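Hi everyone, thanks for making time. Could you pull up the structure on your screens so we can walk through it together?

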Amino acid sequence: MQHKALIIGGGISGLSAAYYLSKAGIRPTLLERKPRLGGVIQTSVQQGCVLEEGPDGFMAAKPWAMSLIRELGLADQVIGSNDSTRITYIVKKGKLVPMPEGLQMMVPTKFLPLLETPLLSWGAKIRMGLEVFRQPRGPQADRSVYEFLLDHYGEESIDYLAEPLLAGVYGGDPHEMSANSVLARFVDLETKYGSLTRGALAAPRPQHPGGSFLQTLRGGLGQLIEALGPSADVVRANVERLEQINGGFRVRANGDWLEAERVVLATPAHDAAELLGSELADHLAGIPYTTSITLALGYRKNTFDHPLIGHGFLVPKKERKTIFGCTWVGNKFDHRVPNNMVVLRCFAGADAMHLSDDALLDAVRSDLGSIMHLEAEPVFHNIARWPNSMAQYTVGHEKRVARIEELTRSIPGLYLAGNAYHGIGIPDCVRMGQEAATQIIAGYKRELQPA
């Protein structure tokens, strides 16, 4: 039997493709090697606390995730981040220092808070203030995030603003990340205004539907995965090979061959590369990935010995031991933590992957003791390890992806989706899954038209 549509990969991209195909009357078969669906989206509950083991929300300004949630009938489950209470601290010399008010990422838009912050030296403050006088120089070639921001605001602003912020989102190195791909909005502001500060003040600020920067689901993002699961016939299978044949493709899975007219590859790029041959595989393999770890610790509130004002803190590389940062979950989102509990959600990277769970827990608690002077004993902890899960958009990413898409178009019936191409967030992955489904649906409609 030849399948109309075969999806390889059961993360949010593959599930989104499955949903939109199924909605159009094309029931896909989805191959997933892991025992559960969702990829890095995974929610668990301990002692009444909702724990996100992967991403904890999605950007409200990008509409695709919210559109899917509405279609699934989950709109009444959506909650927003508590932005009115948001304070993010940066660790400097072992102390928690609040980020100055008025920053858009690392771009200052209010000068008095910049002058007053102890986070930066007077030299760095003067350098950042003078940036407002820069003039446009026209479009520039892609640069690293480090080179881009060094040119605008200097080294210290990278060390204590940009690096910890970007490490918290991408888990990557500013020396390698592409400015065009990671900071596209600010590159556009540079082209138009010269000064990022002047551009940020002049340009309309991104709107956040519902008033919150981030949105999520009351019971956790696992609700989204549960709702999408029935969209496909799911087969637990280790896919070994994908080959083009007359009239479509054949896929070797668990030692058997399956045939399909169309295939959506919704795996990490390095996994997609292993299934393919030729130049396309080489370019896919050229997209690097980083590793992340989340560790949640739950405490009884009556034993917790640190005030929680704000949403958490980030640790610059210059100050870092084990953790990149920590979210104070109950402050960031409502409906996450019972009134008698406190949950800290900590992040680490590849350097901590070799540690056993016990050693990792000890290292994280040591960091929390140093930074927050926290002595309370957690009553539970939850560790999630995500090896090679976060795609890195390194310098030249736009050209690399353009070539990948050109080569993919030369293979009729093959579509790519995932966080390796045009955005790492949930809305971007939903969009790519939907676009793959839309192309497949359009192809079948063309075939049904009379000659």
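Okay, find Gly 312 and look straight across from it: the residue standing opposite is Thr 327, over in β18. The two strands here are β17, residues 312-314, and β18, residues 323-328, and they pair in the antiparallel sense over three bridges. One thing to keep in mind as we go: this is a predicted model.

Now zoom out a bit. What is the order of the strands in the open sheet of seven? Reading across, we get β8-β7-β17-β18-β19-β16-β20, and the pairing is mixed. At the edges stand β8, which is 95-98, and β20, which is 380-391. Each of those has a single partner strand, so one side of each is left without a neighbour in the sheet. From one strand to the next, the twist averages 25 degrees. And a handy thing for reading any sheet: in a regular strand, side chains alternate between the two faces.

Let's stay at the β8 end for a moment. β7 and β8 pair in the antiparallel sense, over four bridges. Tyr 89 stands opposite Pro 98, which is in β8. These two strands make a hairpin with two residues between them, and in that hairpin Lys 93 takes a positive phi near 55 degrees.

Next, the helices on this sheet. Helix α6, residues 155-170, lies across β7, β16, β17, β18 and β20. Its direction is at about 125 degrees to β7. Then there's helix α14, residues 357-372, lying across β7, β8, β16, β17, β18, β19 and β20. That helix runs at about 70 degrees to β16.

On to the aromatic rings. How many aromatic pairs does the structure hold? Four. Let's take Tyr 89 and Trp 328: the ring centres are 5.8 Å apart and the planes are at 40 degrees, so we call this pair tilted. The pair also links distant parts of the chain, with Tyr 89 in strand β7 and Trp 328 in strand β18, 239 residues apart. Are these two buried or exposed? Tyr 89 has 13% relative accessibility, so it counts as buried, and Trp 328 counts as buried too, at 2%. Ring pairs also bring in Phe 313, so that Tyr 89, Phe 313 and Trp 328 are linked into a cluster.

Another pair to click on is Tyr 299 with Phe 304. This one is edge-to-face, with 5.1 Å centre to centre and 70 degrees between the planes. Tyr 299 is buried, at 1% relative accessibility, and Phe 304 is buried as well, with a relative accessible area of 13%.

Rings can also have a charge sitting over them. Arg 185 lies over the face of Phe 186, 5.5 Å from the ring centre. Arg 431 does this with Trp 64, at 5.1 Å from the ring centre.

Now let's move to another sheet. This open sheet has three strands in the order β5-β11-β6, and the pairing is antiparallel. β5, residues 58-59, and β6 stand at the edges with a single partner strand each, so one side of each has no neighbour in the sheet. β6 and β11, residues 214-217, pair over three bridges. If you want one bridge to look for, Gly 80 has Gln 215 in β11 as its partner.

Right beside that in the sequence is Gln 77, in the loop between α2, which is 64-71, and β6, which is 78-80. What does Gln 77 touch, leaving out residues up to four places away in sequence? The answer is Thr 216, Leu 217, Arg 218 and Gln 223. Gln 77 counts as partly exposed, at 21% relative accessibility. If you fancy a long jump across the model, go to His 283: that is 206 residues along the chain from Gln 77, and the C-alpha atoms are separated by 40 Å.

Last stop, the cysteines. A disulfide is a covalent bond between the sulfur atoms of two cysteines. How many does a search of the whole structure find? Zero. Take Cys 49: the nearest cysteine sulfur belongs to Cys 326, and it is 14 Å away. For a disulfide the sulfurs would have to be within 2.5 Å. Cys 49 is buried, with a relative accessible area of 0%, and Cys 429 is buried too, at 6%.

That's my tour, thanks for listening!

Methods:
Residues numbered from 1 in each chain as written. Predicted model: local features only at pLDDT ≥ 70, side-chain atom pairs only at ≥ 80, totals over all residues. Heavy atoms only, no water. Buried < 20%, exposed > 50% of the residue type's maximum accessible area, 1.4 Å probe, protein only. Pairing = 2+ DSSP bridges. Axes fitted to C-alpha atoms, helices over the stretch in contact; angles between N-to-C directions. Contact = heavy atoms within 4.5 Å. Phe/Tyr/Trp six-rings, centres within 6.5 Å; stacked < 30°, edge-to-face > 60°. Lys NZ or Arg CZ within 6 Å of the ring centre and 35° of its normal.
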